[in-house]
Amino acid sequence: MTKKENHLPLYGIGPYLVFPILITAIISLILTTQNLIPIYKINSLNLLLTILGIIIIIYGAVFLIGSFKSSIQDKIKTNTLQTKGIYAIIRHPIYASYLYISTGIILISNNIYLFILPVIYWIFLTVVLKNTEEKWLIELYGDEYIEYSKKVNRFLPRLIK
């Protein structure tokens with residue numbers, strides 16, 4: 001794929017990645033609230049986990065809104081690497097937002113057995129993105145993307161620069 005001939009797919013592999021993650025988190029919450037799966041709750045942490053879950057969902061929503069405001073589709077169509085706005089803080093804000101939102105939903109469930117799911121989601125997203133979209137980006141932008149990826153993390157904003 002060359003810059004002049006083609007551009008990345010507008011939606012990439014995103015829908016195939018984020019919808020299963022979000023759906024499994026929602027289903028897990030429903031199954032927990034209906035006592036249809038094994039549940040291990042720490043009642044003394046229920047309020048804390050609910051508040052933390054809501055904060056993480058809001059954090060994810062901020063990344064999602066930021067990615068929509070970044071005009072990423074215009075950048076994709078013109079084969080321009082987006083490194084401004086939310087993309088200056090995080091390389092994959094749309095994927096990160098769904099990861100955060102799903103994690104928040106799971107925390108709200110207060111089912112300790114489900115706390116492994118965000119780890120699985122993170123591993124899944126990391127492996128798939130490294131082998132698909134990030135390969136496309138390296139092929140298209142070369143050293144520009146490699147340097148960008150050294151400065152900006154995939155899902156978590158870098159606290160120290």
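**Exercise 1. Decide how the end-to-end distance of helix α4 (residues 93-109) compares with the span expected at 1.5 Å a residue.**

*Solution.* The structure is a predicted model.
Step 1. Helix α4 has 17 residues, and at 1.5 Å a residue it should span 24 Å.
Step 2. The C-alpha atoms at its ends are 24 Å apart, which agrees with that expectation.
Step 3. The surroundings of the helix come next. Of the 17 residues of α4, 15 are buried, so the helix is largely enclosed by the rest of the structure.
Step 4. The residue that follows α4 is N110, and its phi is positive, near 55°.

**Exercise 2. Describe where Y100 is placed and which residues it contacts beyond its neighbours within four places in sequence.**

*Solution.* Step 1. Y100 belongs to helix α4.
Step 2. Its relative accessible area is 9%; because buried means under 20%, Y100 is buried.
Step 3. With neighbours within four places in sequence set aside, the contacts of Y100 are I56, I57, Y59, G60, F63, I90, F155, L156 and P157.
Step 4. A further distance may be read between Y100 and I58: they are separated by 42 residues in sequence, and their C-alpha atoms lie 8.6 Å apart in space.

**Exercise 3. Determine which helices supply the largest nonpolar core, and which of them supplies the largest share.**

*Solution.* Step 1. As background, nonpolar side chains tend to be buried together in soluble globular proteins.
Step 2. Here the largest nonpolar core comprises 38 residues, and L17, Y95, Y121, L125 and F155 have the most contacts inside it.
Step 3. At least two residues of this core come from each of α1 (14-33), α2, α3, α4, α5, α6 and α7.
Step 4. The largest share belongs to α4, which supplies 9 residues.
Step 5. Y121 may serve as an example of the packing. Apart from neighbours within four places in sequence, Y121 is in contact with I21, T24, A25, L99, S102 and I106.

**Exercise 4. Identify the salt bridges of the structure and state which residues are joined into one network.**

*Solution.* Step 1. Side chains of opposite charge can pair when their charged atoms come close. The structure contains 3 salt bridges.
Step 2. One of them joins the side chains of E134 and R91, with an N to O distance of 3.0 Å. This pair links distant parts of the chain, 43 residues apart: E134 is in helix α6 (residues 133-141), and R91 is in the loop between α3 (72-77) and α4. Both E134 and R91 are buried.
Step 3. Another joins R154 and E134, whose closest N and O atoms are 2.9 Å apart. Distant parts of the chain are again linked, with R154 in the segment after α7 (143-151) and E134 in helix α6, 20 residues away. R154 and E134 are both buried.
Step 4. E147 and K150 form a salt bridge as well, with closest N and O atoms 3.3 Å apart. Both residues lie in helix α7, separated by 3 residues, about one turn of the helix. E147 is partly exposed, at a relative accessible area of 38%, whereas K150, at 52%, counts as exposed.
Step 5. Through shared partners, salt bridges join R91, E134 and R154 into one network.

**Exercise 5. Establish whether S71 and N110, which have positive phi values, are buried or partly exposed.**

*Solution.* Step 1. Most residues other than glycine have a negative phi.
Step 2. S71 has a positive phi near 60° although it is not glycine. It lies in the loop between α2 (46-69) and α3. Its relative accessible area is 37%, so S71 is partly exposed.
Step 3. N110, also a residue other than glycine, has a positive phi near 55°. It is placed in the loop between α4 and α5. Its relative accessible area is 0%, so N110 is buried.

**Exercise 6. Name the residues of the nonpolar surface patch and give the accessibility class of I123.**

*Solution.* Step 1. The patch is formed by I116, V119, I120, W122, I123 and V127, which together have about 540 Å² of accessible area.
Step 2. I123 lies in helix α5 (residues 117-131).
Step 3. The relative accessibility of I123 is 43%, so I123 counts as partly exposed.

Notes:
Residues numbered from 1 in each chain as written. Predicted model: local features only at pLDDT ≥ 70, side-chain atom pairs only at ≥ 80, totals over all residues. Heavy atoms only, no water. Patch = residues over 30% accessible without salt bridge, like charges linked within 9 Å, V, L, I, M, F, W, Y side chains within 5 Å. Areas by Shrake-Rupley, 256 points an atom, 1.4 Å probe, with all protein chains shown as cover. Salt bridge = Lys/Arg side-chain N within 4 Å of Asp/Glu carboxyl O. Buried < 20%, exposed > 50% of the residue type's maximum accessible area, 1.4 Å probe, protein only. Expected span 1.5 Å × (residues − 1). Core = buried A, V, L, I, M, F, W, Y, C linked by side-chain atoms within 4.5 Å. Contact = heavy atoms within 4.5 Å.
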